Amino acid sequence: MIPSVIGRTFLDAYNEKNEKKLSPKEFFEDEYWELFYNHPKYLQWVTNSPFVQMKKGQKPHLLTEIDRKEKLENLFEKAENEIPDASFALGFPASESKEFASTSGLVSEVKIPVDGNEVYLSWIGSSLGIGVAGGFTILFDDPAITLQTYEGWKVYRKYLNDPVLEKLRGNQINTWNGQWLAYSMNQEDFRADFDFSTLTDYKIFKVETSLAEVNTVNWSRLFFSLSLQFPNKEMMGYVYGFGQTNKTIGFIPFHLKSGKKLWEVYQHLFGGQKVDKNIFESLFGMHIKRACELGSIGLQALRPEGLKKYMKEDKNLSFKKEEDTINYQAYKTWLVAMLTKNKEEITDYTMDLAKILQKYRAEGTKLDRKNLIEKELFASPSKRGFIEALTKMIKDLDGEALLSIKQLKDEVHLMTNEEYGYFCTLLKFDYAFVEKQA
């Protein structure tokens with residue numbers, strides 16, 4: 001049902017762009033079926049549908065054009081004469097009378113008028129779903145996104161028909177959509193003269209000796225690409241998953257400006273340093289299901305997955321490995337973004353505080369100062385313990401250092417518990433970074 005709505009959004013945009021007036025059935029037969037099913041390799045496998053119900057001895061790659069046309073006619077007959085169910089109307093409830101071993105997903109309680117057109121639109125809309133890592137798919141009711149996704153269908157079909165790429169898997173249209181949009185809507189990466197080798201270099205394809213297939217894109221990479229295209233937009237996405245059990249999460253707001261915010265913070269903090277953009281962006285984003293549980297997808301959902309252990313455990317970056325530096329940059333970028341999300345000014349004064357702490361520790365003759373910083377200050381789960389540790393330091397400080405620590409005590413006191421967690425982790429990271437430089 002939801003896919004039918006997305007299919008209609010696309011078809012209206014397609015007709016307007018191409019100055020046509022194709023009905024859903026006309027587009028389905030002239031464009032969709034020709035791209036998806038009139039070939040030895042399908043773009044999408046829909047369980048129990050006419051296109052996958054084979055007579056004895058039939059296999060998709062052995063079907064003649066007459067056989068494929070017959071399956072199309074079977075779909076037409078069902079669309080015109082049967083009550084729609086999930087076997088030939090995508091997103092509709094599974095049939096109870098036919099007792100298919102399947103569950104229903106994407107079903108709406110809203111009473112939507114159903115006719116043959118809704119069936120064809122459901123196929124179009126379902127094929128516009130954007131697959132992301134974690135086993136979920138996203139539908140955006142946006143004309144620009146649906147049109148761009150359609151352009152990708154033709155690219156995937158070209159590769160599937162290429163004799164040189166005979167080992168490339170079919171039936172991955174939703175997975176392909178995710179990778180295609182992440183690449184083609186990123187103005188900084190996209191090149192009009194791309195080829196299969198280019199996309200493989202971007203890890204869009206995984207190529208092995210016996211098989212080539214589309215990798216599943218991380219939702220955060222897709223998010224960053226869309227945020228470049230729509231830097232100030234909030235967009236509603238419909239999130240669901242098809243598998244042995246269908247899962248419907250529902251409508252989730254995507255705050256795309258958060259992607260822009262993270263890069264603004266990064267430029268402020270590390271603008272003079274080069275970073276591998278794809279590696280950097282891949283560090284962001286919790287699991288898509290956990291992100292949806294937050295109620296919306298924005299800065300909080302973009303929390304780097306690897307950061308969690310440093311916030312919940314008494315651990316710190318050691319900077320013994322090369323990737324620790326890029327992790328530090330990503331973690332610091334997110335923490336500063338969270339601390340300044342409601343402020344126009346991006347502040348970064350934890351580095352100065354970290355230098356004060358490092359100097360304080362270095363001037364000690366025993367381990368008491370080191371233990372005070374690492375085992376009391378940073379290890380404190382509460383603001384109270386943190387402030388008590390600062391109080392112990394004050395007697396050994398003077399001048400600017402004393403004023404800075406006193407100001408820190410006052411600011412921590414006014415922080416929410418959530419802000420304190422972000423701030424303490426950020427200060428701990430900066431202290432480890434300063435220690436490495438010492």
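## A guided tour from K308

Select K308 to begin: with a relative accessible area of 32%, K308 is partly exposed. The model on screen is a predicted one. Add E305 to the selection and display both side chains; E305 and K308 meet in a salt bridge, with 3.2 Å from N to O. E305 is likewise partly exposed, at a relative accessibility of 36%. Side chains of opposite charge can pair when their charged atoms come close.

**The whole chain**

Now zoom out to the full chain. Its C-alpha atoms fill a box of roughly 90 × 50 × 40 Å, taken along the principal axes. A cartoon view shows 18 helices and six strands. Colour the 438 residues by accessibility: 51% of them count as buried. The surface that the chain exposes amounts to about 21500 Å², and carbon and sulfur atoms supply 49% of that area. For a contact map, consider the contacts with a separation of 6 or more: residues 24 or more positions apart account for 68% of them.

Next, colour by charge. The chain carries 58 positive and 62 negative charges, and the mean positions of the two sets lie 6 Å apart. In total, the structure holds 23 salt bridges.

**Residues 62-89 and the link to α2**

Select residues 62-89, where UniProt, in an unreviewed entry, places the feature "coiled-coil region". In the model, this stretch is 61% helix and 0% strand. A distance drawn between the C-alpha atoms at its two ends reads 25 Å.

Within this part of the chain, which residue forms a salt bridge with K69? The partner is E29, and the closest N and O atoms of the pair are 2.9 Å apart. This pair links distant parts of the chain: E29 belongs to helix α2 (residues 24-36) and K69 to helix α3 (residues 65-81), with their positions 40 residues apart. As for accessibility, E29 is partly exposed at 24%, and K69 is partly exposed at 29%.

**A pair within one helix**

Move to helix α17, residues 399-414, and show D410 and K406. Their side chains meet in a salt bridge of 3.5 Å, N to O. The two residues are separated by about one helical turn, because they stand four residues apart in α17. D410 is partly exposed, with a relative accessibility of 34%; K406 is also partly exposed, with a value of 45%.

**A charged network**

Select R169, K206 and E213 together. A network of salt bridges links these three residues.

**The enclosed helix α4**

Is helix α4, residues 116-126, largely enclosed or largely open? Ten of its eleven residues are buried, so the rest of the structure largely encloses this helix. Display the buried residues of α4 as sticks; among them are the aromatic side chains of Y120 and W123, as well as V119, L121 and I124. The buried set also includes G116, E118 and G125, together with S122 and S126.

**T146 and its surroundings**

The last stop is T146, which has its place in helix α5 (residues 143-161). Is T146 buried or exposed? Its relative accessibility is 2%, and T146 therefore counts as buried. To see what surrounds T146, set aside its neighbours within four places in sequence and show the remaining contacts: I6, F10, L128 and F140.

How values were computed:
Residues are numbered from 1 along each chain as its sequence is written. This is a predicted model: local features need pLDDT of at least 70, side-chain atom pairs count only at pLDDT 80 or more; totals for chains, interfaces and linings use all residues. Side-chain values use heavy atoms; hydrogens and water are left out. UniProt positions are given in the numbering used here, feature names are shortened, and annotations may be inferred rather than shown by experiment. A salt bridge is a side-chain nitrogen of Lys or Arg within 4 Å of a carboxyl oxygen of Asp or Glu. Buried means under 20% relative accessible area, exposed over 50%, partly exposed in between (1.4 Å probe, protein chains only). Contact means heavy atoms within 4.5 Å. Accessible areas come from the Shrake-Rupley method with a 1.4 Å probe; for residues, only the protein chains shown count as cover. Lys and Arg count as positive and Asp and Glu as negative; His and the chain ends are not counted. The place of a charge is taken as NZ of Lys, CZ of Arg, CG of Asp or CD of Glu.
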